[in-house]
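Notebook open, helix packing on the list for today. I'll jot things down as I look them up.

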Amino acid sequence: GYVLTGRHGVFATYEAFAMVSASMLVQHAKWLEAAADLPWRAPVASLNVLLTSTCWRNDHNGFSHQGPGLIDIVITKRGNVARIYLPPDANCLLAVADHCLRSRDCVNLIVIDKQPQPQWLDAEAARDHCRHGASVWAWAGSTATGDDPDVVLASAGDTPTMELLAAADLLHQQVPELSLRVVNVVDLMSLFTPDLHPHGMDAGRFVDLFTSERDVVFAFHGYPSAVHHALHGRPNASRFHVRGYNEEGTTTTPFDMVV
């Protein structure tokens, strides 16, 4: 109701608690889809949902406050309305927020924890990274430009990115002969094909990032099924090994969660 008055805003909430109002978000997305076909409807500010207290960082509430399920709901909405962003650091969050607050007629879902995090990119690099939706972080990999690596390490989300970069560092030390490419995805919708989402990357760029045949180990913030959903229709999608949130065996400490 607030954004329909012509004003702009951010709805910030715990990630697990956002599911309480998920049905209202879905209804708003449906209204936006229908309004897009009415020429007399003026554009309205996007609904910007900022999820904090994420499932990977619950220092005192543990299992009760874990639940990345809103990603699964938004990812199924029509491409001209739905957006999901997983900025890996504060500068990327600023770039994403700037874009979202300027956008119109969308539901923008932004997921990032509110605890202090490592800063991977400077402001200019962050803007460029977010503009592309996903990019190779050459400084974290070990493959010469243009050469296919032995394996691609990909991530989407702040904690998964930190863990993936730690894994890459260990591999550099312990298996130096292994060539790695590190890819970070900030716009989850970029994984879709362009016919399914306007942010989807074309086949050539997809291969530039993930190669055409190498295995991809994908560290993901939410349920792995969300990434598999976005990758549907990509060639040889079974080579993507997605590791994400799993309720089975989860305990109450942050260390056990990421293990």
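**Where α3 meets α4**

I started with the contacts (heavy atoms within 4.5 Å): from α3, Asn 91, Cys 92, Ala 95 and Val 96 meet Ala 123, Ala 126, Arg 127, His 129 and Cys 130 of α4. Note to self: this is a predicted model, where local features need pLDDT of at least 70, side-chain atom pairs count only at pLDDT 80 or more, and totals for chains, interfaces and linings use all residues. Residues are numbered from 1 along each chain as its sequence is written, and side-chain values use heavy atoms, with hydrogens and water left out.

**Packing geometry**

Two packed helices are described by the angle between their axes and the distance between the axes. For α3 and α4 I get an angle of about 55°, with the axes 8 Å apart. That makes the pair oblique (not under 35 degrees, over 145 or 65 to 115), therefore I log α3 and α4 as oblique to each other.

**α3 on its own**

I looked up the span next: α3 covers residues 90–102, 13 residues, and reaches 18 Å from first C-alpha to last, close to the 18 Å expected at 1.5 Å a residue. Expected here means 1.5 Å times one less than the number of residues.

Which residues of α3 are buried (under 20% relative accessible area, 1.4 Å probe, protein chains only)? I have Asn 91, Cys 92, Ala 95, Val 96 and Cys 100. Their cover includes β2 (47–52), β3 (82–85), β4 (107–111) and α4 (123–132).

At the N-terminal end of α3 I found Asp 89 as the cap, with a side-chain oxygen 3.4 Å from the backbone nitrogen of Asn 91.

How values were computed
Helices (H or I, at least four residues) and strands (E, at least two) are DSSP runs, numbered from the N terminus. Buried means under 20% relative accessible area, exposed over 50%, partly exposed in between (1.4 Å probe, protein chains only). A polar contact is a pair of N or O atoms within 3.5 Å; within protein, one must be able to donate a hydrogen and the other to accept it, and residues adjacent in sequence count only if both atoms are side-chain atoms. Axes are lines fitted to C-alpha atoms, for helices over the stretch in contact, and angles run from 0 to 180 degrees between N-to-C directions.
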